[in-house]
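User: Could you take a close look at one strand of this protein for me, and follow its side chains out to their partners elsewhere in the chain? I'd enjoy a connected account rather than a list.

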Amino acid sequence: MYASATNDDGKAWVFAPLVLMNRNVEARFSSPGEQRLRWSLGVNHFSAEELGSAAGIASATAIGGVAAYAPPAVLTGQYRNVNTGGFGTISYDILQNLTLDLEGRYQSDSLISGYKSLTPATLEDKAFLPRVILNWHPIEDTTLYGSWSNGKLPGAINALDRKSTRLNS
């Protein structure tokens with residue numbers, strides 16, 4: 001929620017609540033943790049909706065010094081983001097104190113800007129994201145590790161011209 005105010009000499013202030021909703025579901029299946037070779041598989045679904053920010057104007061002088069609020073006719077900033085993915089890990093104990101983890105995630109992103117408007121804009125993106133981690137335990141209570149991964153920013157939609165813009169490729 002956002003509010004802005006000035007001093008008590010009758011200047012206006014802005015009140016802009018932001019309505020957000022999100023849902024997340026995940027399922028994961030793993031092998032027993034005591035084995036030298038271990039695995040884990042899972043799926044994830046995330047969705048988020050911003051119903052908009054409703055900036056209205058309030059005035060302290062409109063009704064004899066009593067604050068009044070005029071709500072907006074249209075909500076702004078509406079979007080919906082949906083991310084669905086599958087992931088997996090294989091871990092192998094090379095030595096008693098040295099473990100190699102190979103991980104991967106495939107994900108699909110969908111971003112819709114202005115989805116409750118007459119002219120929504122959509123951006124779809126799919127990616128495979130690998131990761132490799134090497135863990136070494138030289139002494140008890142000490143872990144040293146190295147990792148490599150590939151990440152991806154799915155992109156954004158320019159609200160002014162309703163065109164999708166990729167942040168990276």
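Analyst: Happy to! Let's start at valine 132, which counts as partly exposed because its relative accessibility is 31%, between the 20% limit for buried and the 50% limit for exposed. Valine 132 sits in strand E9, so E9 is the strand to follow, a run of residues found by DSSP. Please keep in mind that this is a predicted model.

Valine 132 also belongs to a nonpolar patch on the surface, together with Phe29, Leu37, Trp39, Leu41, Ile90, Tyr92, Ile94, Leu95, Leu102, Leu134 and Trp148. Together the residues of this patch have about 1100 Å² of accessible area. Strands E4 (37-53), E7 (79-95) and E9 each give two or more residues to the patch. Of these, E7 provides the largest share, with 4 residues. Strands E4 and E7 will come back below, where their charged side chains pair up.

Next to valine 132 in sequence is arginine 131, whose side chain meets that of glutamate 103 in a salt bridge, 2.5 Å from N to O. Arginine 131 is in strand E9 and glutamate 103 in strand E8 (residues 98-113), so this salt bridge ties together parts of the chain that are 28 residues apart in sequence. Arginine 131 is partly exposed, because its relative accessibility of 39% falls between the limits of 20% and 50%.

Further along the strand we come to asparagine 135, again in E9, which spans residues 121-136. Is asparagine 135 buried or exposed? Asparagine 135 has a relative accessible area of 15%, and because the limit for buried is under 20%, this residue counts as buried. The side chain of asparagine 135 makes a polar contact of 3.3 Å with the side chain of aspartate 101. Which other residues does asparagine 135 touch, beyond those up to four places away in sequence? Besides Asp101, the list holds Asn97, Leu98 and Thr99, along with Thr143, Leu144 and Tyr145.

Now back to the other two strands of the patch. Aspartate 93 and arginine 38 join their side chains in a salt bridge of 2.9 Å, N to O. Aspartate 93 lies in E7 and arginine 38 in E4, and the pair connects distant parts of the chain, 55 residues apart. Both aspartate 93 and arginine 38 are buried.

E4 and E7 share another such link: glutamate 49 forms a salt bridge with arginine 80, with 3.4 Å between the closest N and O atoms. Here glutamate 49 is in strand E4 and arginine 80 in strand E7, 31 residues apart. The burial of the two partners can be read from their accessibility. Glutamate 49, with a relative accessible area of 12%, is buried because this value is under 20%. Arginine 80, at 30%, counts as partly exposed because this value is between 20% and 50%. By the rule used here, the count of salt bridges comes to 4, and the three described above are among them.

Strand E7 also holds asparagine 83. At 11% relative accessibility, asparagine 83 counts as buried, because the value is under 20%. The side chain of asparagine 83 makes a polar contact of 3.0 Å with the side chain of arginine 105. Leaving aside neighbours within four places in sequence, asparagine 83 is in contact with Asn44, His45 and Phe46, and also with Arg105, Gln107, Ser108 and Asp109.

Stepping back to the whole protein, there are 12 strands and 0 helices. Among contacts between residues at least 6 apart in sequence, 55% join residues at least 24 apart. Buried residues make up 28% of the 169 residues. The accessible surface comes to about 11400 Å², and 60% of this area belongs to carbon and sulfur atoms.

Finally, a word on confidence. The average pLDDT of the protein is 77, and 62% of the residues score at least 70. Residues 1-7 have a pLDDT below 50, and this stretch has 14 contacts in the model beyond near neighbours in sequence. Over residues 56-63 the pLDDT also stays under 50, and there the model has 27 contacts beyond four places in sequence.

Technical notes
Residues numbered from 1 in each chain as written. Predicted model: local features only at pLDDT ≥ 70, side-chain atom pairs only at ≥ 80, totals over all residues. Heavy atoms only, no water. Buried < 20%, exposed > 50% of the residue type's maximum accessible area, 1.4 Å probe, protein only. Polar contact = N/O pair within 3.5 Å; in protein donor to acceptor, adjacent residues only side chain to side chain. Contact = heavy atoms within 4.5 Å. Patch = residues over 30% accessible without salt bridge, like charges linked within 9 Å, V, L, I, M, F, W, Y side chains within 5 Å. Areas by Shrake-Rupley, 256 points an atom, 1.4 Å probe, with all protein chains shown as cover. pLDDT = per-residue confidence, 0-100.
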